[in-house]
Amino acid sequence: MNREEINAALREAGCLNSEDFTLMCFTYNCGGNDPDFSANALFDEIGKLSQMPELICVGLQEMVALNAQNVLAKGFSEQQGHKWLQVILRRLNDYEEKHNPYEVVAHECLVGLWICLISTRKLKAALKEVSIGQCATGIGGVLGNKGGVA
């Protein structure tokens, strides 16, 4: 059997379901600023799209100033991530129809890095087994001054 035949058999058995959707991925350097200050330029560009995507992956860098206090205190990064998340959702939902709002699928932060997967409510119901994580590789292999989120 070739790949198409295998996929057809899996669909027929109810084991495979696929759906077309639009995806937008972007990264943004926040420069250590709060979202209310930094987000305007970002969303001015998003507002120019002819069609809003159904799935959005956002990667932020320098979400907090990289100093010793922020490297050691994970809570502040998480607070900033929550602020950014609220602003992003509010601005996206300003563009989207009210009956299919954007919702968070998953998010993760590591000091000044943050990643978030956002989808429309309709598409979110179809998403399964989403995985997201972070890896700190700074001093002693544990501090978040080096590492990544994915």
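Which residue in β2 is the bridge partner of Thr-27? The partner is Gly-59. The points below place this pair in its sheet and then turn to the rest of the chain.

1. **Overall composition.** The structure is a predicted model. The secondary structure of the protein chain comes to 5 helices and 6 strands. Read from the N terminus, these elements follow the order α-β-α-β-α-α-β-β-α-β-β. Of the 150 residues in the chain, 35% are buried.

2. **The sheet.** Four strands make up an open sheet in the order β1-β2-β4-β3, and the pairing is mixed. Its edges are β1 (23-29) and β3 (102-110); each has a single partner strand, so one side of each is left without a neighbour in the sheet. From one strand to the next, the twist averages 15°.

3. **Parallel pairing at β1.** Strands β1 and β2 run in the parallel sense and are joined over 7 bridges. The pair of Thr-27 and Gly-59 named at the outset belongs to these two strands, with Gly-59 in β2. Thr-27 is on the uncovered face of β1, together with Leu-23, Cys-25 and Asn-29. The covered face of β1 consists of Met-24, Phe-26 and Tyr-28.

4. **Cys-25.** This cysteine belongs to strand β1. Is Cys-25 buried or exposed? Cys-25 is exposed, its relative accessible area being 53%, where the cut-off for that class is over 50%. Although 31 residues separate Cys-25 from Ile-56 in sequence, their C-alpha atoms are 5.8 Å apart in space.

5. **Antiparallel pairing at β3.** On the other edge, β3 pairs with β4 (residues 113-120) in the antiparallel sense, over 8 bridges. Two positions illustrate the register: Glu-103 has Ser-119 of β4 as its bridge partner, and Glu-108 stands opposite Ile-115 in β4. The hairpin of β3 and β4 has 2 residues between the strands, and Val-111 takes a positive phi near 50° there.

6. **A second positive phi.** Glu-129 also deserves a check of its backbone: its phi is positive, about 50°, although the residue is not a glycine. Most residues other than glycine have a negative phi. Glu-129 lies in the loop between α5 (121-124) and β5 (134-136). With a relative accessible area of 83%, Glu-129 is exposed.

7. **The nonpolar core.** Which residues touch the most other members of the largest nonpolar core? They are Leu-92, Trp-114 and Ile-118, in a core of 24 residues. At least two residues of this core come from each of β1, α2 (35-46), β2 (55-61), α4 (74-95), β3 and β4. The largest share, 6 residues, is supplied by α4.

8. **Salt bridges.** How many salt bridges does the structure hold? There are 2. In one, Glu-103 pairs with Arg-121, and the closest N and O atoms are 2.5 Å apart. Glu-103 is in strand β3 and Arg-121 in helix α5, so this contact ties together parts that are 18 residues apart in sequence. In the other, Lys-124 pairs with Glu-103, and the closest N and O atoms are 3.7 Å apart. Lys-124 also lies in helix α5, so its link to Glu-103 in strand β3 ties together parts that are 21 residues apart in sequence.

9. **The network around Glu-103.** Glu-103, Arg-121 and Lys-124 are linked in a network of salt bridges. Both basic residues count as partly exposed, Arg-121 at 43% relative accessibility and Lys-124 at 30%. Glu-103 thus takes part in two kinds of contact: the bridge to Ser-119 in β4 and the salt-bridge network with Arg-121 and Lys-124.

10. **A nonpolar surface patch.** Met-1, Ile-6 and Leu-10 form a nonpolar patch on the surface, and together they have about 310 Å² of accessible area. Ile-6 has its place in helix α1 (residues 3-12). Ile-6 is partly exposed, with a relative accessible area of 38%.

How values were computed
Residues numbered from 1 in each chain as written. Predicted model: local features only at pLDDT ≥ 70, side-chain atom pairs only at ≥ 80, totals over all residues. Heavy atoms only, no water. Pairing = 2+ DSSP bridges. Axes fitted to C-alpha atoms, helices over the stretch in contact; angles between N-to-C directions. Buried < 20%, exposed > 50% of the residue type's maximum accessible area, 1.4 Å probe, protein only. Core = buried A, V, L, I, M, F, W, Y, C linked by side-chain atoms within 4.5 Å. Patch = residues over 30% accessible without salt bridge, like charges linked within 9 Å, V, L, I, M, F, W, Y side chains within 5 Å. Areas by Shrake-Rupley, 256 points an atom, 1.4 Å probe, with all protein chains shown as cover. Salt bridge = Lys/Arg side-chain N within 4 Å of Asp/Glu carboxyl O.
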